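Here is a quick tour for the bench, grouped by topic. Have the sequence and the 3D view open as you read.

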Amino acid sequence: MRIVEIRETTAPIASAIANAYIDFSKMTLSLVAVVTDVVRDGRRVIGYGFNSNGRYGQGGLIRERFAPRILEAAPDSLLDDSGTNLDPDRIWAAMMKNEKPGGHGERSVAVGTIDMAVWDAVAKIAGEPLFRLLAKRHGREANPKVFVYAAGGYYYPGKGLDALRGEMRSYLDRGYTVVKMKIGNGIAEDQPRIEAVLTELDGKAQLAVDANGRLTLEQGIAYAKMLRDYPLFWYEEVGDPLDYALQAALAEFYPGPMATGENLFSHQDARNLLRYGGMRPDRDWLQFDCALSYGLCEYQRTLEVLKTAGWSPSRCIPHGGHQMSLNIAAGLGLGGNESYPDLFQPFGGFPDGVRVEHGHIVMPDLPGIGFEGKSDLITVMRDLAT
Ligand SMILES: O=C([O-])CC(=O)C(=O)O
Ligand SMILES: [Mg+2]
């Protein structure tokens, strides 16, 4: 049993939207196929992976460093002790050979993308959905019912309050109970947007707001004083993701839930956030996204960090809107997952036929991560490798 080939292609996920920090007019991602020599159900097992929106494709790093290290390793050194499956941690260690510690971007994205494909292959070889395999490995009960919320509400050229309200209404109509919108371009612009959305929601769903790290401490406090009068689900990524002192200072001005972590890419960074960021385990949310941060091998270390710091995995609702995090949520007891109902297709979303009901989906029992159940996505994946 061995990995015979690793393919990468960089695909556009561009759209005419902007958050307070970047626009997505040239956004790309890496799609990876890990091709094995294993056959299951008459078909060669291929694991697929991709990175979430926001950090662009990583084809250079994948092709020059990380894929060659896997292919150069002795095939047997990448198997588990039973020799009947690949070992994700051994593959991860092979990828990270001769990498210095610290400085966790962008290689964390490249490694996270390959790692997703490896776990997909491992679960397919085992003939199980990834979430069931994970639950078993951790001695837990899987829970296929996962909370999801609708992320959108971007700044969009020419889009006024009516269009924003219409977008939020459509999320309500699709069964979501929490929706998210962008803020950070200034209170004068954002307060009417927030009020318009809250009017549209009319108490039928909760609103989260995301500043995408745009604000200084002073600006973040000014927003906090405005926002704390609304019953928000959370106030997200207020300032620079690595400014833990800023995050800690905000708690004094904002008693409601806050969320951050999508731009922290290692368990060491996560640990620093919990040590120094003043995050409150009884109400705040952690958004680390394995696809951007060295994958599930590393995410399991991050969950250990949480445990040591007295946090429950149920405080994690990852960024990214991909099926990988849905599996981790169902398998390891996370609090839910992000979803972008209208963006970043075909990569985001759920297997065909999965509907959101009262803010939750139920994971179907598909082998691996479940990409084969999403027809538009698996078509693109099979174009890369069949
Ligand atoms: O706009 C983005 O970069 C995505 C984001 O922050 C989120 O989904 O929370
Ligand atoms: Mg965000």
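How are the donor residues of the magnesium ion (ligand 2) spaced in sequence? They follow the pattern D-x25-E-x25-E. Keep in mind that this is a predicted model. Below, the metal site comes before helix 6, strand 2, the cysteines and some backbone oddities.

**The magnesium site**

- Three side chains coordinate the magnesium ion (ligand 2): Asp-210 through OD, and Glu-236 and Glu-262 through OE, at 1.9 to 2.2 Å.
- The two glutamates come from distant parts of the chain, 26 residues apart.
- Glu-236 sits in strand 7 (residues 234–236), and Glu-236 is buried, with a relative accessible area of 0%.
- Glu-262 belongs to the loop between strand 8 (258–260) and helix 9 (267–276), and at 7% relative accessibility Glu-262 counts as buried too.

**The annotated domain**

- UniProt, in an unreviewed entry, places the feature "domain: Mandelate racemase/muconate lactonizing enzyme C-terminal" at residues 161–257.
- Over residues 161–257, the chain is 47% helix and 13% strand.
- The C-alpha atoms at the two ends of that stretch are 26 Å apart.

**Helix 6 and its neighbours**

- Helix 6 covers residues 187–201, which makes 15 residues.
- From first C-alpha to last, helix 6 reaches 20 Å, close to the 21 Å expected at 1.5 Å a residue.
- Quite a few side chains here are tucked away: Asp-190, Arg-193, Ile-194, Ala-196, Val-197, Leu-198, Glu-200 and Leu-201 are buried.
- What do the buried residues of helix 6 pack against? Their partners are helix 5 (161–173), strand 5 (178–182), strand 6 (206–210) and helix 7 (217–227).
- Just after helix 6, Asp-202 takes a positive phi of about 50 degrees.

**Strand 2: Thr-36 and Arg-40**

- Thr-36 lies in strand 2 (residues 28–40), and with a relative accessible area of 1% Thr-36 is buried.
- The Thr-36 side chain has two backbone partners to look at: the nitrogen of Val-38 at 3.1 Å and the oxygen of Val-45 at 2.7 Å.
- Leaving out residues up to four places away in sequence, Thr-36 touches Arg-2, Ile-3, Val-4, Arg-44, Val-45, Leu-86 and Ala-121.
- Arg-40 is found in strand 2 as well, but at 34% relative accessibility Arg-40 counts as partly exposed.
- With the same sequence neighbours left out, Arg-40 touches Val-45, Lys-124 and Ile-125.
- Arg-40 and Lys-124 are 84 residues apart along the chain, yet their C-alpha atoms are separated by 7.8 Å.

**The cysteines**

- How many disulfides are there? The count comes to 0.
- Why is Cys-290 not bonded to Cys-297? Cys-297 holds the closest cysteine sulfur to that of Cys-290, but the two are 10 Å apart, so they are too far for a bond.
- Seen from the other end, Cys-297 is in no disulfide, with the sulfur of Cys-290 as its nearest, 10 Å away.
- Both residues are out of solvent's way: Cys-290 counts as buried at 2% relative accessibility, and Cys-297 is buried with a relative accessible area of 2%.

**Cis peptide bonds**

- The peptide bond from Gly-105 to Glu-106 is cis, with omega near 0 degrees.
- Glu-106 has its place in the loop between helix 2 (88–95) and helix 3 (107–126).
- A cis bond also runs from Gln-345 to Pro-346, where omega is near 5 degrees.
- You'll find Pro-346 in the loop between strand 10 (337–339) and strand 11 (360–362).

**Positive phi in loops**

- Asn-98 isn't a glycine, but its phi is positive, at about 65 degrees.
- Is Asn-98 buried or exposed? Asn-98 is exposed, with a relative accessible area of 71%, and Asn-98 lies in the loop between helix 2 and helix 3.
- His-358 isn't a glycine either, and its phi is positive at about 50 degrees.
- His-358 lies in the loop between strand 10 and strand 11, and with a relative accessible area of 68% His-358 is exposed.

Terms used
Residues numbered from 1 in each chain as written. Chains lettered and ligands numbered in written order. Predicted model: local features only at pLDDT ≥ 70, side-chain atom pairs only at ≥ 80, totals over all residues. Heavy atoms only, no water. Donors = N, O, S within 2.8 Å, 3.2 Å for Na, K, Ca; no water. Helix = DSSP H or I, 4+ residues; strand = E, 2+ residues; numbered from the N terminus. Buried < 20%, exposed > 50% of the residue type's maximum accessible area, 1.4 Å probe, protein only. Expected span 1.5 Å × (residues − 1). Contact = heavy atoms within 4.5 Å. UniProt positions renumbered as here; feature names shortened; annotations may be inferred. Polar contact = N/O pair within 3.5 Å; in protein donor to acceptor, adjacent residues only side chain to side chain. Disulfide = S-S within 2.5 Å.
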